[in-house]
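Here's a walk through one protein chain, written for someone who'd rather think at the bench than scroll through coordinates. Have a look at the fold first, and then we'll go through some charge pairs and a couple of loop residues.

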Amino acid sequence: MKTTVSIFLLLLFGATELVAQGFNSFNNRNHPYLNWQVAETEHTKIIYPDRLSGIEALAAPIAEESYRALSENLDVTFDRKIRIYLSDEDEINNGFANPIGKGYTMIWVNLNDYAEIWTGSEKWLRKVIAHELGHIFHFKAVWSSLGLLQWAVADPLPVFWTEGIAQYQTEEWDSQRGDRWLRKAIFDSRPDYRDGRSIENGRLMYAKGNSQLRYFAETYGDTTLAQMMQHRKSFLGFFDVHDFDSAFRTVVDGGYSEFREEWLKHVNVYYNTLASQMERTDSLGTDAFSLPGQFYYDMAVSPDDSLIAVLSLPSMQRPVRSIFLVQSDSTQNRTRIAEGSINPDLSWSRDGNRLYYSRTVRGDRSSLINDIFVYHKESGREEQLTFSRRARYPVQGPQPNQIGYVVNEDGTGNLFVMDLDSGEEQRVTDYEGDIQMLFPVWVESVQSWLFHRFDADGSRYMVLFNPETGSERLLDDGAVDNRKFVLSPGGGSVAYTSLRDEVPNVFIYDFDSEEERRVTNLFTGGEVYGWIAERDTLETEKLLVKASETKRRDEAWWVEPDRSHYAGEWEVPEAYASWRTHQPPNVIPSLIEPDESLITSRYEYRSFRNITHAASVVLPYYGDPGNWGLFGTSGWVEPLSKHIIAGSGLLSFGDFDRSYGLLSYINNQFYPSFAFSVYKTPGSAYFYGDRFLVEELIGGDITMTLPIDRLEGSYRDGAFYSRVRHTLVRPFERERFEDRISAPAPERARQTDLTIGMGVTKQRPWRDNLIHPLDGWGVQGLLTGAEKILGSDVRFATADLSAYTVLPALGLHRLYLHGRFQQQWGTPLPQNFIGFTRLDNIQLNLPGEVPINLFYAAERVRGYRDFIAGNRVAFGSLEYRMPFLPSLQTSILGLLRLGSTSLALFTDAGVVWNARFDDGTTGTEQRWGAGAEIKNSVNLAGIRFAHSLGIAQPAMDLFTDVDYDLYYRVRATVPF
């Protein structure tokens, strides 16, 4: 039986990996109101909601032009049309490609602030469609007859290399997609994007791949690149797989590691030569000063210069995005005022009493969108000002109680103002088409709005817009990217960050003279965030500049705006600089005109027809002479995740009764997600009486999960859950259990039950949340009822309410409290008891999509080793937790890794009412135990869990000769 259960559980966990492959994998919501349409071209199917009608004419020529160039460059063609899914349901500046079915892509569209994340002239559709198709062509180029299973036996797609191919084939080298991140990492001698030390590592991964692909293609040739992807090696003599390292060794002696060393030397020469001709941070003529956090997303100086608002990340270990208010004097007193999904667009009101910013929140129909918020400094209250407006970049308006902000109108950025007293909104600009707007600021001296505008032709302008006349003046030529505007104290000049150097540097524009001058020429870049006036302690005005020469932290500087900078022209030998401009043989144009004629047919999308095979495997197994056969799993998904089908099975030829199977279907066509499962499978596994009980379940269930927007907040989630189940329960090895009054032998029966519940949890991110969470709380209520219908044998009801919290103590020490109350009515199966177990049950916080309950969650009062059950139970636990070791740095065969360790002093207490005793009596059982425990985190083949070793005694017998309870358990550090 043990072999059967182990194999089947592996298959079960594998099947759950198919869940959420579409847009809902990012936004965790279904959008059933969208009516999806299809527009076919020669090589693609463009799939979009009907409310986006017209976008297909924009996407079609980009897709076809990208297909042509990529097909010729990589020598790859497709025998079926590539599916491109477009959606505007969320403001997510992203897209992704999935190799299932040889590739499809999901792309969010109609965005405004992507223009801030990237630079260059490519508009969003051109950049993202071409990039994601680059991934799909790469998937096809390295495809194996094993399908997705080749990932289990080879490494076909290292993430940095596949991102590098997509960028090299479809984009130009620039600051935001490469240079600024790579040069800092190289100069810092930390080019590894996997070291976990920087928020820039994600960008560095893209930059590294981008740079290496350009260097590889320039050195070895584009034909060699295509040929390398065609390389295959044999697996088991039947299959051919593509392995990155094996393929690389056919081109470069010594393989990828040797190539990496060549590349590192090459880019080191380039960047260090460049560094010798630009400024270092020590040339700024001042000392850096620290602000709260390791990394700074945004900063804003209050009008009276007394406060600095900082949006920062405390550390990579504690990535809680937070706003701090910091006094700008020598005390630097600081207060945390907000946290969560806050955007880098901080701005003060004119009187300094309010701080404006935007958040990404749930909007209409559960979409993830941006809205404007204000923090009232005097009351400490946060207030939401816009609702489902897709608004960002709030700033003080012309009037004292007025703000301006940019609204994303179906991908077009326009400026609006709001009267804060009445809440009335008024339009300022009336742009149409593919135009985005960033960083507005009101310039009192010229009675105009200044903003960054990204035009449809790819030009990026600094624009002065007069709201009275509707006239505008362009302050630059549109060929450079000037952004993040900060007015001088007198309002006659504006400082801004420019990306013209392939890193950010600071410039100033004077409105009267209409002249621009450079402030910094820093090799690793500098960005401006504030401009303070002269005062008693300052002889001159100062600019607040962020600049750092290491990726491991940011630094802030007060820099004189009139400083003299190094003004020499930099020059690097072409042999070391040319990789940056190397391009593939066929280049995709930056600007591609719409062409509706490329669309060959249109029709409504049919989700069932798009269900796609993901992966299947069937292999032999051997348990014992009477239990051998085949086990396998298969998964099928529809790209929008409207339908997901997963099946796992084990067919025993030695004993057919020991065959098992599970078939699960998930439907996401409605606001709730529904899962339908039928199974014959080992089900619940837990300690009952004196033995470990495993039950076989034969039947099926339907579950419904509905996330609740009103319960969602910063690092907080809430959902409603229900399940209806009809199953035959068959205990394994029932004859081994004694039939006692306190623990009757487990019974075989048919059961029909309904469970409903709701839960809310909050936990901020932290490196060691698995083993030592620093905060968090949760409340969960469940009600289960069973009735004698459909041939069922039992009737009962169980109520279960539990809660926990983690409270601060000394330093990183924490106080953990957990309470639980259960009540049971009727006559359940004996094994469906409520009470306390003899030994600790396994408790894992499993994915919500696992269709059966693998482990029973009965509590145990540590210090006691006997079983007790009743009809009402109260349980409480108090732990004082102390971090001990950050990691045991132990790895076994590369599969088992032991991580962080913590210590805990604890006390458990519980009461069981109407408890059943072996002498036939009933009564109230009270228990109180105490002890100590050492906890450790484990990573077993990618599955992370906590285990612990402890010692306890009844509290009244503590430190006496009463037998100690020495125990080992696998249990989550928070219950749900």
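A quick bit of vocabulary before we start: a residue is called buried when its relative accessible area is under 20%, exposed when that figure is over 50%, and partly exposed in between. Keep in mind, too, that this is a predicted model.

With that cut-off in hand, take Lys-484 and Asp-298, which are both buried. They form a salt bridge, with the closest N and O atoms 3.1 Å apart. This pair ties together distant parts of the chain: Lys-484 sits in strand 24 (residues 482-487) and Asp-298 in strand 8 (residues 295-301), 186 residues apart.

Now step back to the whole chain. Its secondary structure comes to 13 helices and 50 strands. The radius of gyration is 31 Å, close to the 30 Å that the globule rule gives for 976 residues, so the chain is as compact as a globular protein of that length. The C-alpha atoms fill a box of roughly 100 × 70 × 55 Å along the principal axes. Of the 976 residues, 57% are buried. If you look at contacts between residues at least 6 apart in sequence, 58% of them join residues at least 24 apart. On the outside, the accessible surface is about 40100 Å², and carbon and sulfur atoms account for 52% of that.

What about charge? The chain carries 97 positive and 129 negative charges, and the mean positions of the two sets are 7 Å apart. Side chains of opposite charge can pair when their charged atoms come close. A search of the whole structure turns up 78 salt bridges. Here are three of them:

| Salt bridge | N to O distance |
|---|---|
| Glu-40 and Lys-81 | 2.7 Å |
| Lys-484 and Asp-298 | 3.1 Å |
| Arg-427 and Asp-430 | 3.6 Å |

The salt bridge between Glu-40 and Lys-81 is another link between distant parts of the chain: Glu-40 is in strand 1 (residues 36-40), while Lys-81 is in the loop between helix 3 (55-74) and strand 3 (82-87), 41 residues away. Glu-40 is buried, because its relative accessible area of 12% falls under the 20% limit. Lys-81, at 27%, counts as partly exposed.

And how accessible are the partners Arg-427 and Asp-430? Arg-427 is partly exposed at 36% relative accessibility, and Asp-430 is exposed at 57%. Elsewhere, salt bridges that share partners build one network out of Asp-840, Arg-860, Arg-862, Arg-865, Glu-879, Arg-881, Asp-908, Glu-933, Lys-935, Asp-965 and Arg-969.

Let's finish with two loop residues. Thr-281 lies in the loop between helix 12 (255-275) and strand 8. Is Thr-281 buried or exposed? Thr-281 is buried, with a relative accessible area of 9%. Leaving out residues up to four places away in sequence, Thr-281 touches Leu-522, Ala-547, Ser-548, Glu-549 and Trp-557.

Gly-397 is in the loop between strand 16 (391-396) and strand 17 (402-409). Its relative accessible area is 0%, so Gly-397 is buried. Beyond its neighbours within four places in sequence, Gly-397 is in contact with Arg-350, Gln-402, Ile-403, Gly-404, Trp-442 and Trp-449. Gly-397 and Val-417 are 20 residues apart in sequence, and their C-alpha atoms are 6.9 Å apart in space.

Notes. Residues are numbered from 1 along each chain as its sequence is written. This is a predicted model: local features need pLDDT of at least 70, side-chain atom pairs count only at pLDDT 80 or more; totals for chains, interfaces and linings use all residues. Side-chain values use heavy atoms; hydrogens and water are left out. Helices (H or I, at least four residues) and strands (E, at least two) are DSSP runs, numbered from the N terminus. The radius of gyration is taken over C-alpha atoms; the globule rule is 2.2 Å times the number of residues to the power 0.38. Buried means under 20% relative accessible area, exposed over 50%, partly exposed in between (1.4 Å probe, protein chains only). Contact means heavy atoms within 4.5 Å. Accessible areas come from the Shrake-Rupley method with a 1.4 Å probe; for residues, only the protein chains shown count as cover. Lys and Arg count as positive and Asp and Glu as negative; His and the chain ends are not counted. The place of a charge is taken as NZ of Lys, CZ of Arg, CG of Asp or CD of Glu. A salt bridge is a side-chain nitrogen of Lys or Arg within 4 Å of a carboxyl oxygen of Asp or Glu.
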